[in-house]
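Open the structure in your viewer and keep the selection panel at hand. Each stop below says what to pick next.

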Amino acid sequence: MTNTSMNEASSAGAKHVDAVVVGAGFAGLYMLLLLRDRLGLDVVGLEAADGIGGVWYWNRYPGARCDIASCDYSYSFSEELQQEWTWPEKYPAQPDILAYLEHVAERFDLKRSFQFDTRVIRADFDERSNRWRIETAHGTRFVAKYFIPATGVLSEGNVPEFKGRENFAGRNCFTGRWPKGGVDFSGKRVGIIGTGATAMQAIPIIAEQAAHLYVFQRTPSFGVPLQNEPMSAEEDRRIKAAYPRIRRAARESFGGLSLLEARPSALADSPAERRAHYESRYQAGGFSVWFGSYSDIFFDATANETAAEFVRQKIRERVKDPAVAALLCPRPGVTYGTKRQPCESGYFEAFNRDNVTLVDIHRAPIEEITPQGLRTADASYEFDYLIYATGFDAFTGALFRMNITGCQGLSLNKYWSAGPRSYLGIATSGFPNMFNITGPQSPSVFYNFPPGIEMHCEWIADCIRFMEAHGLARIDADAEHEEAWLRHIVELADATLMPKASSWYMGDNIPGKPRVFMFYLGGGQKYRALIDQEAANRYPGFNFVAEDTAQADASKG
Ligand code: NA7
């Protein structure tokens, strides 16, 4: 078969559209809205789940909650939307976020453009027609000019391959794929593996239900209180009146949040001043210690240790048994905030309960999952439920699973085998007309997602509008610009303490994953200025092919 007839065969029976958006989370919903309603394109959304929500669809585990305040963790594009929606709590719980996204989908009539229960299993770029061919697990096929994975960077779960995993006779639960009806742990013995942000939310709640809870901890985390509270009618009114200022503050901030400002240097303050400052930020809750205490904790190990020791001291104050407290404290030398800051509500107090046992699997690793529970190097544990709170194959996992192939048969998995490559974190050379939203090498997980998503979706929509207005068939990131962006990502990260820490930011949690820093650390304001300038200068870091050139080439072929 010639290339031409192969192309024709694989597009036969396919639905032709202008754009395919994959995912119905915050990003997919807004991207679809912009392309369909503002640009008037024919767009289809494909979503593996049977409903909208993205990570908020799947992460229904007990205690699942966003640790960014609801007034920041929401769309800003519609004044009517932000005025009509009322958040019940300062920090939104998973059911409330899902209800909000349902409301958004309803209000903007988005669901009719999505196909649910539809997982994308392959996407190939056809260089002759400049179209993407997208195939789903049902065998349905689409041909689209634009291919926009809005699949999220924390959506592909990581479930470690423990020996004997399939032998467990009780029930397995994965926090990132929690059953819709919930799980009743009343009177049951439960084991949970992992003590990251997810586990820290789930543990206090499960501890209240279960007969006994075993927490298998490999690495202790620097948890800081969320300080959640119900939203009073007065606070709701105050926020709604202040939205212009809140959104502006977020846009002008490093992380896309309206947080308290950090002081420049922890070392410039006296120990007493420092302690009082950390204390006020600890009481303010959420990311206030992380982003709102001192800027130099990200750059200077001595400054960082002042924050680390403050949080350790807090753990020691909150946990009654000194031996348990010592185990829950991150080990000496481990830097604070160089991996994701988990926020908690009563996590440390859960270990003061008689029905909670902390098991140190750093000292005595898990050797095997058994039918009754699990065996570590020095003991066996029996339980009825085993919860994997073991995180995600972050940044690249969901993209790799789609088997994406660009020009000249190059697979994304292969091209990124030494780490992600892109220009501005938006597009990858050799993968034309494909755009990433808040993906690797953009501010991504170091920027509040809803405003980050709005920034990217609006940029992508503007770029597509530009292409359509100028008769352009193809946009492709320039390889030299891509190389320079990669160097810039590394340079920014290397100026901080972050690459030295072991974390999913570096790919450390997935065996065999290359160890590279995955996102842009220059801050949201700078990033926004860079991508705006790129658009204003008519995309100098990208190469275009005009429709008529493409048509001429096609007719030659
Ligand atoms: P994280 O932060 O990656 O935490 C995963 C936890 O699971 C962490 O404690 C890991 O220990 C533990 N883990 C992972 N693999 C293993 C194995 N093989 N053995 C023992 N323990 C293991 O994921 P989360 O879901 O908590 O949070 C991810 C993000 O989601 C969060 O930051 C928010 O942005 C939302 P380790 O630290 O690797 O020793």
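A cavity is a set of grid points where a 1.4 Å probe fits but cannot get out. Its volume is the space filled by probe spheres set on those points. Rolling a probe the size of a water molecule over the atoms shows where empty space is left. Keep in mind that this is a predicted model.

**Stop 1: the cavities**

The count is five cavities of 30 Å³ or more. Go to the largest cavity, which holds about 70 Å³ of space. To find the largest cavity, select its lining in two runs plus two residues. One run is Pro149, Ala150, Thr151, Gly152 and Val153. The other is Asn436, Ile437, Thr438, Gly439 and Pro440. Add Phe395 and Leu399 to complete the lining. Colour the lining by class: seven residues are nonpolar, five are polar and none is charged.

**Stop 2: the domains**

Now colour the protein chain by domain. Domain 1 takes 3–155 + 394–555. Domain 2 takes 159–221 + 342–391. Domain 3 is 259–338. Select domain 2 and domain 3 together. Their centres, taken over C-alpha atoms, are 27 Å apart. Across this pair, 16 residues of domain 2 are in contact with twelve residues of domain 3.

**Stop 3: the second largest pocket**

Move to the second largest pocket, with about 560 Å³ of space. Its lining has 23 residues; pick Phe254, Gly255, Ala262, Phe291 and Ser295, the closest to its centre. By class, the lining has 15 nonpolar, six polar and two charged residues. Why does the second largest pocket lie between domain 1 and domain 3? Both domains give residues to its lining, so the pocket lies between them.

**Stop 4: the ligand**

Select the ligand and the 19 residues around it. Thr195, Thr198, Arg218, Thr219 and Arg340 come nearest. The shell around the ligand has nine nonpolar, seven polar and three charged residues.

Which polar contacts should you draw here? Begin with threonine 219: an N or O atom of its side chain is 2.4 Å from an oxygen atom of the ligand. Next, show the backbone of alanine 197, where an N or O atom lies 3.0 Å from a ligand oxygen. Finish at alanine 389, which has a polar backbone atom 3.3 Å from an oxygen atom of the ligand. Turn on the surface last. Taken alone, the ligand exposes 770 Å², and the protein buries 83% of that.

Notes
Residues are numbered from 1 along each chain as its sequence is written. This is a predicted model: local features need pLDDT of at least 70, side-chain atom pairs count only at pLDDT 80 or more; totals for chains, interfaces and linings use all residues. Side-chain values use heavy atoms; hydrogens and water are left out. A residue is near a molecule or strand if one of its heavy atoms lies within 4 Å of it. A polar contact is a pair of N or O atoms within 3.5 Å; within protein, one must be able to donate a hydrogen and the other to accept it, and residues adjacent in sequence count only if both atoms are side-chain atoms. Accessible areas come from the Shrake-Rupley method with a 1.4 Å probe; for residues, only the protein chains shown count as cover. Ala, Val, Leu, Ile, Met, Phe, Trp, Tyr, Cys and Pro count as nonpolar, Asp, Glu, Lys and Arg as charged, and the others, Gly among them, as polar. On a 1 Å grid over the protein atoms alone, a cavity is a set of points where a 1.4 Å probe fits but cannot get out, and a pocket is an open set with protein on both sides within 12 Å along at least five of seven lines; lining residues have an atom within 4 Å of a point. Domain bounds come from an automatic or database domain assignment. Contact means heavy atoms within 4.5 Å.
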